[in-house]
Amino acid sequence: MNSIVVRAYAKINLSLDVLRKREDGYHEIRMIMQTLDLHDTITIKKMHKDSIEVRTNLPYLPVDHRNLAFKAALLFKEAMHIGDGLQLNIHKRIPVAAGLGGGSADAAAVLEGLDRMYQTGISLQNMINLGVRLGADVPFCIMKGTALAEGIGEVLTPVKQMPDCYILLIKPNLIVSTKHVYQSLRLEHDTPHPDIDRMLHAINSHSLADMAACMGNVLESVTVRDHPVIQEIKDKLILSGSMASLMSGSGPSVFGLFDSKEAADEAYEYFSKCKYCQQIFLARPYNPVNDF
Ligand code: ATP
């Protein structure tokens, strides 16, 4: 096999809690992650000269060692002693720096693609061990589906598949730095924390309404304060018929859950005319074939 095409799927956080800041500066988190069908497409080709070349449709993305897909290819090449050069052609659809895990998804997809191309037979656990070296969200992007993520995000427990629904994703025209959001987070005794156990129960009961009632993201306390437009979008999503709305990750993307396609389509039309909404997607939960 000289080339392969792989998909890199976006994620949202159905709930995100930060428990504490660790001594090493990392934050201990507890969150429920969900893969979406919105995806980048990566074509991986073998090359004769032993180097890694990255091309993308977005001129502002780095194509050297700063690109997570490049880093993933290098790591896999070294770990599996692959002598070929590799060309990665990344067609980005997932908004960049948006809280949707685009870079981590690309890294995971490159690891999976190379494993298939070279038939290395690496176990899922070893692939996850490689992934965590690239970023805390990469293990989830390898596993996909619905999962509870703990530790710094790398301790994963698969959860029952969430009910099917329509997820309207809105990326406002804002730049948010994940590092800044975590650094600015102050966990006071009165900081509202989402109830992650209740969310797990809601998913296990297969109830979208119960899920909608307990979605929460502790990082909104920083990003919404800095960018009130995020709250505005959340409120408008509810007025447009969304069952619940939430910021994903450290933002600035916001999503709304809909149980009806008609309502989701109408909301899509409404937000596409809104001047501060830079990118809008109507997505659905994506789950790999195996349901836990
Ligand atoms: P994080 O929460 O890890 O910052 P995110 O989902 O908010 O992730 P990404 O789309 O992964 O955001 O982009 C974060 C940064 O990673 C951007 O500054 C971008 O330049 C860089 N980056 C490196 N490789 C990629 C890639 N393949 N796709 C997107 N961004 C990438």
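**Reading backbone, helix and cavity features**

Colleague: At 51% relative accessibility, Ala97 counts as exposed; what is phi at Ala97, and in which loop is Ala97 found?

Modeller: Residues are numbered from 1 along each chain as its sequence is written, and the model is a predicted one, in which local features need pLDDT of at least 70, side-chain atom pairs count only at pLDDT 80 or more, and totals for chains, interfaces and linings use all residues. Side-chain values use heavy atoms, with hydrogens and water left out. Exposed means over 50% relative accessible area, buried under 20%, and partly exposed in between, with a 1.4 Å probe and protein chains only. Most residues other than glycine have a negative phi, and most peptide bonds are trans. Ala97, although not a glycine, has a positive phi of about 50°, and Ala97 is found in the loop between β4 and α2; helices (H or I, at least four residues) and strands (E, at least two) are DSSP runs, numbered from the N terminus.

Colleague: Which value does phi take at His81, and where does a cis peptide bond occur?

Modeller: Phi of His81 is near 55°, again positive in a residue other than glycine, and this residue, in the loop between α1 and β4 (85–91), counts as exposed because its relative accessibility is 71%. The cis peptide bond joins Gly251 and Pro252, with omega about 5°, and Pro252 is found in the loop between β9 (244–247) and β10 (254–258).

Colleague: Which residues of helix α3 are buried, and what do they pack against?

Modeller: In α3 (residues 124–132), the buried residues are Met127, Ile128, Leu130 and Gly131. Seen down the helix axis, these buried residues fall within an arc of 160°, so they line one face of α3; the arc is that of the directions from the axis to the C-beta atoms. They pack against α1 (68–79), α2 and α4 (138–143), contact meaning heavy atoms within 4.5 Å.

Colleague: How many cavities of 30 Å³ or more does the structure hold, and what lines the second largest cavity?

Modeller: Rolling a probe the size of a water molecule over the atoms shows where empty space is left. A cavity is a set of points, on a 1 Å grid over the protein atoms alone, where a 1.4 Å probe fits but cannot get out, and lining residues have an atom within 4 Å of a point. The structure holds two cavities of 30 Å³ or more. Arg7, Ala8, Tyr9, Ala105, Ala108, Ala109, Glu112, Cys141 and Lys144 line the second largest cavity, to which β1 (3–21) and α2 (102–118) are the elements that give two or more residues, with α2 giving the most, four residues.

Terms used. On a 1 Å grid over the protein atoms alone, a cavity is a set of points where a 1.4 Å probe fits but cannot get out, and a pocket is an open set with protein on both sides within 12 Å along at least five of seven lines; lining residues have an atom within 4 Å of a point. Grid points are joined across faces, edges and corners, and a volume is the space filled by probe spheres set on the points.
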